[in-house]
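Student: Could we go through this structure together, with each term explained as it comes up?
Tutor: Yes, let us take the terms one at a time and set each value against its definition.

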Amino acid sequence: MANVNEILSQARKEKRTVLTEIESKTVLKEVGLNCTDTRLAATRENAVALSKEIGYPAVLKIASKDITHKSDAGGVKVNLKDKADVERAYDEIMASARKKFPNAVIEGVTVQSMARPGTEVIMGIVKDPSFGPVIMFGLGGVFVEVLKDVAFRIVPIETSDAVDMINEIKGKRLLEGYRGQEPADLAYLQHMLLKLSDFVNTTPEIEEIDMNPVFAYKDGAVVVDARIILSAA
Ligand code: ADP
Ligand code: MG
């Protein structure tokens, strides 16, 4: 995984522990996880060109090593349908980010394809002081924030653990297709959890991984936002 090592050592060199969205998704792609195609645009013109290349509708997000919670900065604009939408979104993101984080160094915006809606789930890794890396799975949005409906296992996990984690979720019915909603591809989600576990198990410098949200579909799933944090040492 040459790409992964390069990204980790570049971050170290810059004395950074938080990887950008693009770096995080590049690492996760290398691990074998499907992520939205995400590129950096340093200018408004570049954002328009990349949107055209990736295809509308596009999504623009603030790209700054100093801003990790992009929505808090007014830094996420979805469903941009044409050039005019992208130009407006770019200007709004910049104005809002500069106002809310006046000291942030802004690289530009990321441009990515708009994922079609699916069931929002989250996956991640946190490090426990006594157990080491712990893998997490849950339903996204209000389910994780308000209901804390999340399952945890110590890394490494096996297939049966991945199956159990998904079965443990109180909102499991939502993954089975609820009121006409598309059911989630549970085998694929299990496979993603195993890949994540294997990666972290063999990469001790990972402190935290946050994949929030992942859109789950009838066939497969896609990581829409990701953040990786490296250990301080
Ligand atoms: P934050 O840094 O605030 O967590 P996100 O990248 O998660 O920012 O974006 C906020 C929300 O915007 C997501 O929870 C998701 O609902 C939506 N979103 C982000 N990226 C995409 C995308 N590529 N396609 C569709 N929806 C997206
Ligand atoms: Mg997010």
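Tutor: Donors are N, O and S atoms within 2.8 Å of the metal (3.2 Å for Na, K and Ca), and since water is not among the atoms, sites may look incomplete. This is a predicted model, in which local features need pLDDT of at least 70, side-chain atom pairs count only at pLDDT 80 or more, and totals for chains, interfaces and linings use all residues. Residues are numbered from 1 along each chain as its sequence is written, chains are lettered from A and ligands numbered from 1 in the order in which they are written, and side-chain values use heavy atoms, with hydrogens and water left out.

Student: What makes Asn212 and Asp225 count as coordinating the magnesium ion (ligand 2)?
Tutor: Asn212 (O) and Asp225 (OD) lie at 2.2 to 2.3 Å from the ion, and the cut-off is within 2.8 Å, so both count as donors.

Student: Why is Asp225 called buried, and why is Asn212 called partly exposed?
Tutor: Buried means under 20% relative accessible area, exposed over 50%, and partly exposed in between (1.4 Å probe, protein chains only). Asp225 has 15%, so Asp225 is buried, whereas Asn212 has 25% and is therefore partly exposed.

Student: What makes eight residues of the lining of the largest pocket count as charged?
Tutor: Asp, Glu, Lys and Arg count as charged, Ala, Val, Leu, Ile, Met, Phe, Trp, Tyr, Cys and Pro as nonpolar, and the others, Gly among them, as polar; on that basis the lining divides into nine nonpolar, eight polar and eight charged.
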